[in-house]
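User: Please take a close look at one part of this model. I want one connected account of the contacts there, with the cut-offs stated.

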Amino acid sequence: MQQRLRPLVRFDGEPEVIRTAAGLDVAYREEVDELVAAVTVLDVASLSVIDNVVVRGEPEFPYVSGLFAFREAPPLLEALTRLSVEPDVLVCDGQGLAHPRRFGLACHLGVLTELPSIGVAKTAMGRYEPPNEQRGDWSPIRYDEEIVGRALRTQRGVKPVFVSLGHRFTLDAACELVLRLAPRYRLPETTRSADRLGRSMPNEE
DNA sequence: GCGACAG
DNA sequence: ATCTTGTCGC
């Protein structure tokens, strides 16, 4: 399926202006075999929350590296349909092109929704040299000799995040956006907000 | 058998 | 992902 959908990824059609950005994340409660898909839409200028959606469900696919989207994309797509506003870009918690078949979660969600998307992962899938120490410094991520993304330093003295393209975006714009979304912490506020939202959902109905 | 291994 | 323990800084 990934090989079939891969050709649908485009890197043009980037938004003229990016006013809103959605953060997507999935939280798990293994003890009750439940997952919570959380999507939050932020105003990029103020980083204030515009919309929140959570969807409860059960995992229907195991976690397998390289097949991550088959676990998390279904509940996230369901949550996206319930948004009251259409975000200008999806900031996904995982890889985009930095993937064995160049079709990570960010590409998957971008192609299926036809919305611009980028991937911001906490660990790298390819090889990279550590970027310099200043906020904004970056180094290329290579996977099979091919440049698939950037290790981006969002805070001084902190491990970089791993940015790769999902759909309808450019790598320069993706890194610029991530820096805007991460003025204080390592991870973009979109990811932090969605993570907080999913994790704070009470048990049961 | 050994090293890798998004979340 | 989640959990636990310990350190550092505001």
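Analyst:
**The DNA-facing surface**

A base nitrogen of DNA strand B sits 2.9 Å from a polar backbone atom of glycine 66. That is a polar contact: a pair of N or O atoms within 3.5 Å; within protein, one must be able to donate a hydrogen and the other to accept it, and residues adjacent in sequence count only if both atoms are side-chain atoms. This is a predicted model, where local features need pLDDT of at least 70 and side-chain atom pairs pLDDT 80 or more, while totals for chains, interfaces and linings use all residues. Residues are numbered from 1 along each chain as written, chains are lettered from A and ligands numbered from 1 in written order, and side-chain values use heavy atoms, without hydrogens or water.

Phenylalanine 68 also reaches a base. One of its backbone N or O atoms is 3.1 Å from a base nitrogen of DNA strand B. Lysine 122 meets the backbone of the strand instead: a polar backbone atom of this residue is 2.6 Å from a phosphate oxygen of DNA strand B.

Now the wider surroundings. DNA strand B has 15 residues around it, counted as near if one of their heavy atoms lies within 4 Å of it. Tyr63, Gly66, Asp93, Lys122 and Thr123 come nearest. Of the strand B atoms within 4 Å of the protein, 50% belong to sugar and phosphate. The nearby surface has six nonpolar, seven polar and two charged residues. Here Ala, Val, Leu, Ile, Met, Phe, Trp, Tyr, Cys and Pro count as nonpolar, Asp, Glu, Lys and Arg as charged, and the others, Gly among them, as polar.

Next, DNA strand C. Its surroundings consist of Ala27, Tyr28, Asp93 and Lys122. By class, that gives two nonpolar, no polar and two charged residues. Tyrosine 28 works through its backbone: an N or O atom there is 3.1 Å from a phosphate oxygen of DNA strand C. Aspartate 93 uses its side chain, with a polar atom 3.4 Å from a phosphate oxygen of DNA strand C.

Lysine 122 returns here. Its side chain places a polar atom 2.9 Å from a phosphate oxygen of DNA strand C, whereas its backbone has the 2.6 Å contact with a phosphate oxygen of DNA strand B. Asp93 likewise appears around strand B and around strand C.
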